[in-house]
Each structure stands twice: as structure tokens, then as C-alpha cells.
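This report describes selected features of the structure shown below. It treats backbone conformation, buried cores, strand pairing and helix packing in turn.

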Amino acid sequence: MDSPHKEHPANIQGLSNSLAIVPDRPSTRHINLHNQFVRVLLIEDDAAIASGILDSLRQAGFDATRAPDGRSGLHVVAHDRPDLVLLDLGLPDLDGTDVCRRIRAESDVPIIVVSARADEFDRVLALELGADDYLVKPFGNRELTARIRAVARRSAAATGQPVETVSDDRTFGPLHIDPRSRRVTLAGAEINLTPKEFELLDYLSRSPGAAVWRTDILRDVWGTRWYGTTKTVDAHVAAIRKKLGNPEWIQAVRGVGFRFEEPP
Ligand code: CA
């Protein structure tokens, strides 16, 4: 945090509001799509892992800083009041679950645990300690930013803030995708997608024009612990194309995977 003494009044009453409020324009209650007003604190001791995560957060437009251990993390949370905390569980000084508990005792800031510990005990424990979500390393950049947005949406909803103010719906010509209501319309007509079809279309359409690897799709849409075949992705793509009535919405990229694009 470059301005530790700047007051962010929204943070005092709760995380979701602080995520949503633009400091110099307090009436604007939405998450800026470029994320530049969301200040993320990463508590992570491994310098290499930390720098990778910080890079991807900054690329996504977040204002990201790092604390290398539990105590400095608690200090930054107390003094700089970040909008969201990414917390590693394996820290050199304090156990991450302890850090989680201590943050939660004093603050409603959203916490996403990021850890190499994939076993269910840790997941359940972290969530019981008040973490808002849990990501198992390694994870993709898109998954990380998607989780941050999802946590922001949920905490906004939980505090009664109108959920539509954090909408990240998208329009591509005749196609409208609204993650909040999970509705897709094409030229005004609703397209009925299965939950996974929706998640896949939602995911691909977050980076229009970009070639996305099949393995990234599997990991981010089907989950880090899903060990299926990439044919599953192809089958879902085929179903979405059929429902959209034009295969060009999702193009195959040879040797890579797929690209979402508005057809010419
Ligand atoms: Ca660690």
C-alpha cells in the first residue's frame, strides 16, 4: 500500500462496501471492471510464488501488495485496510489458519486462502475460520481474478448492497451474457444452457479473442481436482455452438484449445 495513512471509510464498516467504493467518488458503488480501486494484500512467504501472483493481479488491474509473513500481514491489514486478502496457509512465523482467525476477529475484509494444501480438512477449516474462499495452488490467473470478483459479489450481496451494482455482464453484438442472473440471450431470446455450458461460455467470453488452452479450461471451469478428459470440453463447446446457432462464436485453435469471438 503506497498510502498507508489514507482513510478508506468504507473499510470500517465492512469488506464488501470497501471493495465496491471508489475512494474519491464515494457514491460510485460498483467494482471497476479494470479493478484498479481494489487493493489486494497477498500474505505469502515464497518470493517466487508471490511475485507470480502479484504480477497477474497487477496485470488484471488490481492494486496488489505483499506481506512476507503472518505478523507483517496482520500489521498491514490493521493499518492499510486492504479491500481483500489472499492468504497462504504455510507461513514461517504464524500458521495461516491462525492469521485467518486473527484477521476475522477484527475485520470483515474478504479472505481467500491460497494454499498448496489440497486436503479437505484444510479447506473446511479455512472456511470455518472465516475465509471466504479457498484456492489450491497452482491456479490460473483467470481463476484467481474470477474468484476475487465472485467473493466481492457474494460479500456485496451479504451486506445488502444491491447486487446489480457489481454486475459484470457482457454484450457481444446480439449476444448478452449476465453472470449475475446466469442468463444468456441472443438477439433478445433466452438461450437455455446447462450450468457447465454457462460456466464455459462465461469463462471464454471473459477474454474475447484470446486462445485459451484446453487444460486451463479444464482446471478453471471444471476445477483443480477434476481429472477428466479434454473431450469433455469439446462436447460442451459443441453444445454451446449448437444452441447459439453459429459455430463461429467459439472457434477451435489447433493445438491449443478455443477462442471466443463475435462472428463477423
Ligand atoms: Ca508458504
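R81 counts as buried, because 22 C-beta neighbours lie inside 10 Å and 20 or more suffice for that class. The model in which this holds is a predicted one. R81 is situated in the loop that links α4 and β5, and its phi is positive, about 45°, although the residue is not a glycine. Most residues other than glycine have a negative phi. A187 also departs from that tendency, with a positive phi near 50°. This residue belongs to the loop between β10 (183-186) and β11 (189-191). A187 is exposed, since 10 other C-beta atoms lie within 10 Å and the limit for exposure is 12 or fewer. The two residues are set side by side below.

| Residue | Phi | C-beta atoms within 10 Å |
|---|---|---|
| R81 | about 45° | 22, buried |
| A187 | near 50° | 10, exposed |

The nonpolar cores come next. In soluble globular proteins, nonpolar side chains tend to be buried together. The largest nonpolar core holds 34 residues, of which V40, V85, L87, I111, I112 and V113 touch the most other members. Two or more residues are given to this core by each of the strands β3 (39-43), β4 (63-67), β5 (84-88) and β6 (111-115), and likewise by the helices α3 (47-59), α4 (70-80), α5 (96-106) and α7 (141-158). A second core of 17 residues is separate from it, and I177, V233, V237 and F260 are among its members.

What does V113 contact, leaving aside its neighbours within four places in sequence? Its partners are L87, L89, G96, C100, A126, A131 and Y134.

Strand β3 is largely enclosed by the rest of the structure, because five of its five residues are buried. In a regular strand the side chains alternate between the two faces of the sheet. In β3, R39, L41 and I43 point one way, while V40 and L42 point the other way, and all of them are buried. The strand pairs with β4 in the parallel sense through five bridges. Within that pairing, V40 has A64 of β4 as its bridge partner.

A further sheet is open and consists of three strands in the order β12-β14-β13, paired antiparallel. The edge positions are taken by β12 (211-213) and β13 (250-253); each has a single partner strand, so one side of each lacks a neighbour in the sheet. On average, neighbouring strands here are turned by 35° against each other when direction is ignored. β13 and β14 (residues 257-260) run antiparallel and are joined by four bridges. Across this pairing, I250 stands opposite F260 in β14. F260 is also one of the residues of the second core.

Helix α9 (residues 214-222) packs on this sheet and touches both β12 and β14; the direction of α9 makes about 70° with that of β12.

α9 packs against a helix as well. Two packed helices are described by the angle between their axes and the distance between the axes. For α8 (residues 195-204) and α9, the angle is about 120° and the axes are 10 Å apart. The two helices are therefore oblique to each other, and α8 passes α9 in a right-handed crossing. E199, L200 and Y203 of α8 make the contact with I217, D220 and V221 of α9.

Notes: Residues numbered from 1 in each chain as written. Predicted model: local features only at pLDDT ≥ 70, side-chain atom pairs only at ≥ 80, totals over all residues. Core = buried A, V, L, I, M, F, W, Y, C linked by C-beta atoms within 7 Å. Contact = placed C-beta atoms within 7 Å. Pairing = 2+ DSSP bridges. Axes fitted to C-alpha atoms, helices over the stretch in contact; angles between N-to-C directions. Parallel < 35°, antiparallel > 145°, perpendicular 65-115°, else oblique. Left-handed = near helix turned anticlockwise from the far one by under 90°.
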